[in-house]
Amino acid sequence: SCGIAIAEDGGTRWLIVADTGNHRIRRIDMNGRVTTIAGTGIPEEGDGAPMEASFDEPTAIALRDKDWFYVADGDGSSVRICRFGEQPMVKTLAGGELGSFSIGLTDGDLSKARLNRPTGLAFLPDGAMASPASGNGLVRAFVPADSQIGRRADPTAVIIRAPEMRA
């Protein structure tokens, strides 16, 4: 399985692919040429320059813009941010813990939050990002204004309506 997103820059389009089994992020141009743009192929988590960083089963991609995107790193139980252009880098945004196997269910500050096998990513209408955590059967919300994961439960509040999910 893999996650795919369509990127565009000045009319040129390409695919960004989370190559799950090979632990890499690939770019495929419209001529079918495949280029590795991030990941060493070693199944572990490691931040750094894109070609020195490592992923552990990347499963999904969500584009922020032509130079930034997010990666759900399944076995690493983390969400990573990849930046290209000036000062390219891969950095763990939430979950995971470099050098250890860290899964869980902890809400709060991104540096302390724990995830359990994120398998997708999507931006919500309010700017938050959601990710299904298949390891604990939940959909987690990343709320950028507070740099927090999770929201206090309010059974009377509707966070997202069904028609918005289908849009």
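I take a residue as buried when its relative accessible area is under 20%, and as exposed when that area is over 50%. The model I am reading is a predicted one.

**Entry: Arg-80 and Asp-73**

I started with this pair and found both Arg-80 and Asp-73 buried. For Asp-73 the relative accessible area is 0%, which is under the 20% limit and therefore counts as buried. I placed Asp-73 in strand β6, which covers residues 68–73. A salt bridge joins Asp-73 to Arg-80, with 3.0 Å between the closest N and O atoms. I then looked for further partners and noted a network of salt bridges that links Glu-45, Asp-47, Asp-73 and Arg-80.

I also listed what Asp-73 touches, leaving out residues up to four places away in sequence: Glu-45, Phe-55, Asp-56, Glu-57, Pro-58, Ser-78, Arg-80 and Pro-118.

**Entry: Asp-19 and Arg-26**

I looked up a second pair. Asp-19 and Arg-26 form a salt bridge, and their closest N and O atoms are 2.9 Å apart. Asp-19 has a relative accessible area of 18% and is buried. Arg-26 is buried as well, at 16%.

**Entry: Arg-33 and Asp-29**

Is each partner here buried or exposed? I found Arg-33 exposed, at 57% relative accessibility, whereas Asp-29 is buried, at 16%. Their side chains meet in a salt bridge of 3.4 Å, N to O.

**Entry: the count**

I asked how many salt bridges there are by the rule used here. The count is eight. Side chains of opposite charge can pair when their charged atoms come close.

**Entry: Asp-56**

I turned next to a residue without such a partner. Asp-56 sits in the loop that runs between β4 (34–38) and β5 (58–65). Asp-56 is buried but has no salt bridge. Which side chain of opposite charge is nearest to Asp-56, and how far away is it? I noted Arg-117, at 6.9 Å. A salt bridge needs the nitrogen within 4 Å of the carboxyl oxygen, so this pair is not counted as one.

I then listed the contacts of Asp-56, again without residues up to four places away in sequence: His-23, Pro-43, Glu-44, Asp-73, Gly-74, Asp-75 and Gly-76. Asp-73 is on that list, and Asp-56 is among the residues that Asp-73 touches. I closed the notebook with these two side by side: Asp-73 has a salt bridge with Arg-80, while Asp-56 has none.

Definitions and conventions
Residues are numbered from 1 along each chain as its sequence is written. This is a predicted model: local features need pLDDT of at least 70, side-chain atom pairs count only at pLDDT 80 or more; totals for chains, interfaces and linings use all residues. Side-chain values use heavy atoms; hydrogens and water are left out. Buried means under 20% relative accessible area, exposed over 50%, partly exposed in between (1.4 Å probe, protein chains only). Helices (H or I, at least four residues) and strands (E, at least two) are DSSP runs, numbered from the N terminus. Lys and Arg count as positive and Asp and Glu as negative; His and the chain ends are not counted. Contact means heavy atoms within 4.5 Å.
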